[in-house]
Amino acid sequence: MIEARHLRVLRAVASTGSFSAAGRELGCTQPAVSQQMKALEASVGTPLLIRSGRRMRLTQAGEALVRHAAGILSGLTAAEEEIAAIAGLRAGRVRLVSFPSGSSTLVPTALAALRAAHPGTRVSLEEAEPPHSVELLREGDCDVALAFRYEGAAGAGEWDDLVVRPLLTDRLVGLVPEGHRLSRAESVALTELAAESWIAGCPRCRGQLVEACESAGFTPRIDFATDDYPAVVGLVGAGLGVAVLPRLAVESVRPRGVRTVTLEPAVRREIVALTLPDLAQVPAVAATLDQLAQAADRV
């Protein structure tokens, strides 16, 4: 194993011609230089220096090693500088995956603040719903995943192997057309909507809707299903049915022709930022988590 410190000493000996002069240049003693050269020769298995009068002269192997040492040491210096830049948040990259309503509400505020504080840090964004987003994180295809899970849902330990940064609790609200009989109600029980035509959102939200309705004693008649929140709002606004969406999703669009109503009993989802334990120690990832948490505080 060739050590970088030994290469630096070898170059100093080659340029100065002696152990004592190399020691003065490097700020160490002549015996220390001699010991390091012995250790380097033991590592490569051949002599690198021979004494010629009062000077130390390189052997053929020594000349070859000094020739390569320049590139090796400059490469190490460049690597050290790049790592220092990443550690100091002067550089770095974070791959973020978020579900759509998080992308349009939490993410813009967080990334704008991150760029202002650390302009050298680059963040890429891809959209995916959990559990796919969590799979991307575990497979190494992203560094931070914005995800959610509903209170009381099965699989409470599904994130036990991850670093979980809680962001906010998002309550589901009902959406009804403006002229609906319940549009002015302060709160609405799910059972009051049992006979309505339903418009469902993403698969996970759709499953939660069915579960909540069945717990209330009925099965919703889902006439329309779409992953696009503006489409859900548009269908409700056109009078084609009612829907249940997370409040964060409603805030991500401009509801026209609809009214939001408070649902009872309350249904909530927990929104979190996830990363791997090792990634949590990376400065750019830690800074991204901090900015997401601060953005959530403003919602």
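**Exercise 1. Decide whether Gln208 counts as buried or exposed, and place Gln208 in its surroundings.**

Solution. At a relative accessibility of 10%, Gln208 counts as buried, because the cut-off for that class is under 20% relative accessible area. The model in which this value was computed is a predicted one. The next step is to locate the residue: Gln208 belongs to helix α7, which spans residues 203–215. Once residues up to four places away in sequence are set aside, Gln208 touches Tyr150 and Val267.

**Exercise 2. Describe the largest pocket by its volume, its lining and the element that gives the largest share of that lining.**

Solution. Begin with the volume, which is about 190 Å³ for the largest pocket. The lining is made up of 13 residues, and those that lie nearest the centre of the pocket are Gln208, Ala212, Ser215, Ala266 and Val267. Sorting the lining by class gives seven nonpolar, three polar and three charged residues. Finally, helix α7 supplies the largest share of this lining, with four residues.

**Exercise 3. Find how many cavities of 30 Å³ or more there are, and characterise the largest cavity.**

Solution. The general idea comes before the count: empty space left between atoms is revealed by rolling over them a probe the size of a water molecule. The count comes to one cavity of 30 Å³ or more, and the volume of the largest cavity is about 40 Å³. Its lining consists of Leu172, Leu190, Gln208, Leu209, Ala212, Val244, Leu263 and Val267. By class, seven of these lining residues are nonpolar and one is polar, while none is charged. Helix α7 again has a part to play in the bookkeeping, since the largest share of the cavity lining, three residues, comes from α7. A comparison of the two lists then shows that Gln208, Ala212 and Val267 line the cavity and are also among the residues nearest the centre of the largest pocket.

**Exercise 4. Determine which residues of helix α8 are buried, how they are arranged about the helix axis, and what is found at the ends of the helix.**

Solution. Helix α8 covers residues 229–237, and its buried residues are Tyr229, Val232, Val233 and Val236. Viewed down the axis of α8, these buried residues fall within an arc of 95 degrees, and therefore they line one face of the helix. At the N-terminal end, Asp228 acts as the cap, with a side-chain oxygen placed 3.0 Å from the backbone nitrogen of Ala231. Beyond α8 comes Gly239, which has a positive phi, near 80 degrees.

**Exercise 5. Locate the cis peptide bonds that lead into Pro131 and Pro265, and state where each of these prolines lies.**

Solution. The bond from Pro130 to Pro131 is cis, with omega near 10 degrees, and Pro131 is placed in the loop between β4 and α6, the latter being residues 132–138. The bond from Glu264 to Pro265 is likewise cis, with omega near -5 degrees. Pro265 sits in the loop that joins β11 (258–264) and β12 (268–275). Pro265 also serves as one end of a distance across the model: its C-alpha atom and that of Ser20, 245 residues apart along the chain, are separated by 83 Å. Ser20 itself is in helix α2, residues 19–26, and is partly exposed at a relative accessible area of 33%.

**Exercise 6. Give the burial class and the contacts of Thr121 and Val285, and then set Ala195 beside them.**

Solution. Thr121 lies in the loop between α5 (100–117) and β4 (122–127), and with a relative accessible area of 8% Thr121 is buried. Residues up to four places away in sequence not being counted, Thr121 touches Leu89, Ala91, Gly92, Val94, Leu114 and Ala284. Val285, in helix α10 (residues 283–298), is buried at 1% relative accessibility. Apart from neighbours within four places in sequence, Val285 is in contact with Val94, Asp143, Val144, Thr275, Leu279 and Ala280. Val94 thus appears among the contacts of Thr121 and among those of Val285. The C-alpha atoms of Val285 and Ala117 are separated by 14 Å, although their positions lie 168 residues apart along the chain as counted. Ala195, by contrast, counts as exposed at 70% relative accessibility, and is found in the loop between β7 (187–189) and β8 (197–200).

Key: Residues are numbered from 1 along each chain as its sequence is written. Side-chain values use heavy atoms; hydrogens and water are left out. Buried means under 20% relative accessible area, exposed over 50%, partly exposed in between (1.4 Å probe, protein chains only). Helices (H or I, at least four residues) and strands (E, at least two) are DSSP runs, numbered from the N terminus. The arc is that of the directions from the helix axis to the C-beta atoms. A polar contact is a pair of N or O atoms within 3.5 Å; within protein, one must be able to donate a hydrogen and the other to accept it, and residues adjacent in sequence count only if both atoms are side-chain atoms. On a 1 Å grid over the protein atoms alone, a cavity is a set of points where a 1.4 Å probe fits but cannot get out, and a pocket is an open set with protein on both sides within 12 Å along at least five of seven lines; lining residues have an atom within 4 Å of a point. Grid points are joined across faces, edges and corners, and a volume is the space filled by probe spheres set on the points. Ala, Val, Leu, Ile, Met, Phe, Trp, Tyr, Cys and Pro count as nonpolar, Asp, Glu, Lys and Arg as charged, and the others, Gly among them, as polar. Contact means heavy atoms within 4.5 Å.
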